[in-house]
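Q: I should like to learn how the packing of two helices is read from a set of coordinates. Could we work through an example together?

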Amino acid sequence: MENLFLTLLFLTTTSCVSVSPYNIPAIFSFGDSVFDAGNNHFIKNCTAQADFPPYSSSFFHHPTGRFTNGRTVVDFISQFIGIDFQIPYLEAKIAVMKGSRKSYPHNGINFASAGSGVLRGTNKEERVIPMQDQLQQFRTLVEQNLIDKSLVQKSFFFFEAGSNDIFNYFVPSNPPKPDPHAYVQAMLVEVETFVDQIYKLGARKIALFSLGPVGCVPARALLPGAPNDRCYGKMNVMVKEYNRGLESLVKHMHIKYPHAIGVYGAIYNIVQKFRANPVHFRFSDVCNACCGDGTLGGMLQCGKKGYKICSNPNVFLFWDYFHPSEHAYKLISKALWGGRKSRIRPFNLRTLANITLHSGLD
């Protein structure tokens, strides 16, 4: 089964070799299930999985480990740049160790792990890879010269994490936690440390993506006390505070990190536009999961025994109980790539791709 999975992923990521018209040779992405391209499949006893049907069915036509029905934001941005999709770090590591790959990919690597958070303890019992360990995986490659440092300096670095930390704050069976403000500030300390470390390792074009409105995901139906007829306001208050902290990090990045440029992707605002005017964005349902079961389709993970699936995922904002559909990801990606400052600031990813920076590492 694992050999078949590796073969399918290899065929998917190598079937269309192209040359980028932009000076962005690679994308290195870190985060959770919004970015994960299949890392969790290669973790023994990891319970946060999407390596079964009908995940990835709309585009790849076989499970890839992505937590949606098709491509993610990282995939779409790769296509806009003109580079191949990045493979999961753990897949590349296994291939290099077995000798089926001579080196790590030159178009970037996906380190994201579904279920992980910015706090090390988030979903630890599910055996996911926390942000700190994703960073260590990247550091090892750089320090052992397994990734060319000039490649690192020219590449995009994408970061998106925190949804699981905040959702878990409201799970009653979890251990007692500090007040919401202190909890969010602890999260932001970890993100600042992460940015500091990837800068020291050579990252120069850094995009921090905000959380979407986590309090609106169908999985809120699993939480006692959460409303089903509207978003969970208390959760979104924490999300917005965290997002403000991320934007503040970006605003000060050019001062704190010479030769680096940061951008802030306002995904919360983008998704709220979809919810406010669904017909304009060709959605017919912005509340329920296309694939799942129970209230809001949020009581059961897509693909698990007893799940139900809609006939047209493209008209749903949510593919499953936590994650957007490919159509939603495509719209988000277009907003990040070419959107105005209300969507990504101080400028969009296309503009960032065209900027030539001095690395400061010469």
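A: Two packed helices are described by the angle between their axes and the distance between the axes. In this predicted model, helix α10 (residues 267-276) packs with helix α11 (residues 326-338) at an angle of about 130 degrees, and their axes lie 10 Å apart.

Q: What is the orientation of α10 and α11 to each other?

A: Angles of 65 to 115 degrees count as roughly perpendicular and those over 145 as roughly antiparallel, the rest above 115 being oblique. The helices α10 and α11 are therefore oblique to each other. In addition, α10 passes α11 in a right-handed crossing.

Q: Which residues meet where α10 packs with α11?

A: From α10, the residues are I267, I270, V271 and F274; they meet A328, L331, I332, A335 and L336 of α11. The contact comprises 9 nonpolar residues, with no polar and no charged ones.

Q: How is the enclosure of a helix judged, and how many residues of α2 are buried?

A: A residue counts as buried when its relative accessible area is under 20%. In α2, 7 of the 9 residues are buried, so this helix is largely enclosed by the rest of the structure. The buried residues of α2 are V73, V74, D75, F76, I77, S78 and I81.

Q: Against which elements do the buried residues of α2 pack?

A: They pack against β1, β3 (156-160), α11 and α12 (349-354). The helix α11, which packs with α10, is thus also among the partners of α2. Just after α2, G82 takes a positive phi of about 100 degrees.

Q: Where is F67 found, and is F67 buried or exposed?

A: F67 is found in the loop between β1 (27-31) and α2 (73-81). With a relative accessible area of 6%, F67 is buried. Beyond its neighbours within four places in sequence, F67 is in contact with residues including S33, Y55, A114, W319 and H323.

Q: What do the totals for the protein show about its helices, strands and radius of gyration?

A: The protein has 12 helices and 10 strands. Its radius of gyration is 19 Å, close to the 21 Å that the globule rule gives for 362 residues, so the protein is as compact as a globular protein of that length. Buried residues make up 60% of the 362 residues. Of the contacts between residues at least 6 apart in sequence, 71% join residues at least 24 apart.

Terms used: Residues are numbered from 1 along each chain as its sequence is written. This is a predicted model: local features need pLDDT of at least 70, side-chain atom pairs count only at pLDDT 80 or more; totals for chains, interfaces and linings use all residues. Side-chain values use heavy atoms; hydrogens and water are left out. Axes are lines fitted to C-alpha atoms, for helices over the stretch in contact, and angles run from 0 to 180 degrees between N-to-C directions. Helices (H or I, at least four residues) and strands (E, at least two) are DSSP runs, numbered from the N terminus. Angles under 35 degrees count as roughly parallel, over 145 as roughly antiparallel, 65 to 115 as roughly perpendicular and the rest as oblique. A crossing is left-handed if the near helix is turned anticlockwise from the far one by less than a right angle, and right-handed if clockwise. Contact means heavy atoms within 4.5 Å. Ala, Val, Leu, Ile, Met, Phe, Trp, Tyr, Cys and Pro count as nonpolar, Asp, Glu, Lys and Arg as charged, and the others, Gly among them, as polar. The radius of gyration is taken over C-alpha atoms; the globule rule is 2.2 Å times the number of residues to the power 0.38. Buried means under 20% relative accessible area, exposed over 50%, partly exposed in between (1.4 Å probe, protein chains only).
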